[in-house]
Amino acid sequence: MDKVIPVVVIKDVNDTIPTLKALKDGGINCAEITFRTACAAEAIALGVKEFPDMNVGAGTIINLAQAKKAVEAGAKFLVSPGLSVEVAKYAKEFGIAYYPGCVTPTEIMQALELGIEIVKFFPANVYGGLKALKALAGPFPQLKFIPTGGVDLTNLAEFLAFDKIYAVGGSFMMKGDIVDNCKKINEIVNA
């Protein structure tokens with residue numbers, strides 16, 4: 001898995017190929033295409049077909065029906081803003097990585113009970129950022145986090161320096177020149 005997971009909103013399926021190509025050209029081989037738009041499943045299917053070596057997954061999965069649609073489209077991983085037991089069981093059955101949003105000890109314990117050891121921490125900036133992650137890492141040493149929300153080029157290095165960070169998610173590289181942003185991200189990741 002890449003250290004940075006771009007959160008990609010595709011509003012028109014025709015934007016899929018140029019968007020994923022820009023990420024790849026910038027050196028990022030991963031995309032979390034959100035289920036916030038009507039063409040999400042179609043965009044995932046197209047992305048998986050056109051970029052078979054790219055790690056294309058589905059984001060904003062809030063129920064089992066969306067999870068099934070995403071997996072049928074070829075999504076290689078699923079991400080949710082919160083924790084869905086139904087989605088967790090479905091993903092496990094199909095051997096697909098599922099990263100649910102968990103910010104409280106109770107949610108984290110529920111994820112661990114479901115066999116999940118990597119969780120999305122969203123919105124990271126609202127729930128205490130890196131300070132909160134470090135506090136939560138104490139009682140849950142087996143856990144890794146994907147902080148999303150409030151992470152950008154200014155604090156990316158600080159997040160990645162913490163050994164409990166699996167990856168960082170966000171849409172910050174999607175604003176402006178995607179290729180240039182991804183190159184800057186790779187400089188930080190490789191530093």
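The following exchange concerns strands, their partners and their crossovers in a predicted model.

Biologist: Are the residues of strand 1 (residues 4–8) buried or exposed?

Modeller: Val4, Pro6 and Val8 point one way from strand 1, whereas Ile5 and Val7 point the other way. The strand is mostly covered, since five of its five residues count as having under 20% relative accessible area, and the state of the residues on both sides is therefore buried.

Biologist: Which residue is the bridge partner of Val4 in strand 8?

Modeller: Strand 1 pairs with strand 8 (residues 168–170) in the parallel sense, and three bridges link them. Within this pairing, the partner of Val4 in strand 8 is Val168.

Biologist: Through which helix does the chain cross from strand 1 to strand 2?

Modeller: Strand 1 and strand 2 (residues 30–34) run parallel and are joined by two bridges, with Val7 of strand 1 having Glu32 as its bridge partner in strand 2. The β-α-β crossover between these strands is right-handed, and the helix it passes through, at residues 16–25, is helix 1.

Biologist: Which residue of strand 7 does Lys120 stand opposite?

Modeller: Lys120 shares one side of strand 6 (residues 118–121) with Ile118, while Val119 and Phe121 lie on the other, and all four are buried, leaving both faces covered. Strand 6 runs parallel to strand 7 (residues 144–147), to which four bridges join it. In strand 7, the residue opposite Lys120 is Ile146.

Biologist: What is the hand of the β-α-β unit that contains helix 6?

Modeller: Helix 6 spans residues 129–137 and forms this unit together with strand 6 and strand 7, two strands that run parallel. The hand of the unit is right-handed.

Note on methods. Residues numbered from 1 in each chain as written. Predicted model: local features only at pLDDT ≥ 70, side-chain atom pairs only at ≥ 80, totals over all residues. Heavy atoms only, no water. Buried < 20%, exposed > 50% of the residue type's maximum accessible area, 1.4 Å probe, protein only. Pairing = 2+ DSSP bridges. Right-handed = clockwise from strand over helix to strand, strands pointing away.
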